[in-house]
Amino acid sequence: MTFRLGPVTVFGLGLLAATFMSTASAADAAKGKILAYTCHGCHGVPDYKNAYPNYRVPKLGGQNEGYIVSALNAYANGERPHPTMHAQAATLTPEERADIAAFLHADGGMQAKEVVGTPPPATQTCVACHGADGAKTVAPDYPKLAGQPADYIVHALKDYKSGKRKNPIMAGIISGVDEKDFEALAEFFSRQQALCTTDQVQKHGKCATE
């Protein structure tokens, strides 16, 4: 299955982008840096793993602001089940979530030089929204996948497939992807370049190698 954006979807994404740009312009990255101190305990440690189920936590440095806000909202209202993330997100105001997102977005992540490896056929379902290398998304609340740990991507896809993560767009898309293809798809995007751990953003103000 290859997902293509229809005119209604494109129009909706345009309104979404305009709404987000208005919100993002008011976000305060300096306040976000202070608020994000609790994020570093997990997301600032390279290869840090969630205890159960066991998978490496996602990289947030350089991630799209709109996606971080959307994810925090989903954790807060239970659309994404995770006790620790719910406890963290539910204590934040909408303004504080936007501030954290502005800080973590930083300079937008590392610039990809070229696609690494050969995309497996299953990635054809992903590229319309996430880009050929997983780093150029069609809308600001779609996540960059480039550089995310492969086991985290697999975990997220399984949660969308099972309905644990509530997202109408992903629910429709993931229904056309066979679970046996998750590993290859995740491995490909994990080898690309874009995201980093939050410690790099905290130290350098951007995604940068030591």
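## Briefing on helix α4, the cysteines and selected backbone features

The buried residues of helix α4 are Glu65, Gly66, Tyr67, Ile68, Val69, Ala71, Leu72, Ala74, Tyr75 and Ala76. The model described here is a predicted one, and in it 10 of the 13 residues of α4 are buried, so that this helix is largely enclosed by the rest of the structure. The structure also holds 1 disulfide, formed by Cys196 and Cys207, and a cis peptide bond that runs from Tyr52 to Pro53.

**Helix α4 and its two ends**

- Helix α4 covers residues 65-77, and its 13 residues reach 19 Å from the first C-alpha to the last, which is close to the 18 Å expected at 1.5 Å a residue.
- After α4 comes Gly78, a residue whose phi is positive and lies near 90 degrees.
- On the other side, Asn64 is found in the loop between β2, residues 55-56, and α4, and Asn64 counts as buried because its relative accessibility is 9%, under the 20% that sets the limit for burial.
- When residues up to four places away in sequence are not counted, Asn64 touches His105, Thr137, Ala139, Pro140, Tyr142 and Lys144.

**The disulfide**

- The sulfur atoms of Cys196 and Cys207 are 2.2 Å apart and form a disulfide, and the link is left-handed, with -75 degrees about the S-S bond.
- Cys196 lies in the loop between α10 (182-190) and α11 (198-204), whereas Cys207 lies in the segment after α11, so the pair ties together parts that are 11 residues apart in sequence.
- Both partners of this link, Cys196 and Cys207, are buried.

**Cysteines without a bond at these distances**

- For Cys39, the closest cysteine sulfur is that of Cys42, and because the two sulfur atoms are 9.1 Å apart, they are too far from each other for a bond.
- Cys39 has a relative accessibility of 17% and therefore counts as buried, the cut-off for that class being under 20%.
- For Cys126, the closest cysteine sulfur belongs to Cys129 at 8.8 Å, a distance that is likewise too far for a bond.
- Cys126 is buried as well, with a relative accessible area of 12%.

**Backbone features in the loops**

- The peptide bond from Tyr52 to Pro53 is cis, its omega being near -5 degrees, and Pro53 has its place in the loop between β1, residues 49-50, and β2.
- Asp47, although it is not a glycine, has a positive phi of about 65 degrees, and this residue lies in the loop between α3, residues 40-43, and β1.
- Asp47 counts as exposed because its relative accessibility is 57%, and exposure is assigned over 50%.
- Ala106 is another residue other than glycine with a positive phi, here near 50 degrees, and Ala106 is found in the loop between α6 (94-105) and α7 (127-130).
- With a relative accessibility of 26%, Ala106 counts as partly exposed.

Terms used:
Residues are numbered from 1 along each chain as its sequence is written. This is a predicted model: local features need pLDDT of at least 70, side-chain atom pairs count only at pLDDT 80 or more; totals for chains, interfaces and linings use all residues. Side-chain values use heavy atoms; hydrogens and water are left out. Helices (H or I, at least four residues) and strands (E, at least two) are DSSP runs, numbered from the N terminus. The expected span of a helix is 1.5 Å times one less than its number of residues. Buried means under 20% relative accessible area, exposed over 50%, partly exposed in between (1.4 Å probe, protein chains only). Contact means heavy atoms within 4.5 Å. A disulfide is a pair of cysteine sulfur atoms within 2.5 Å.
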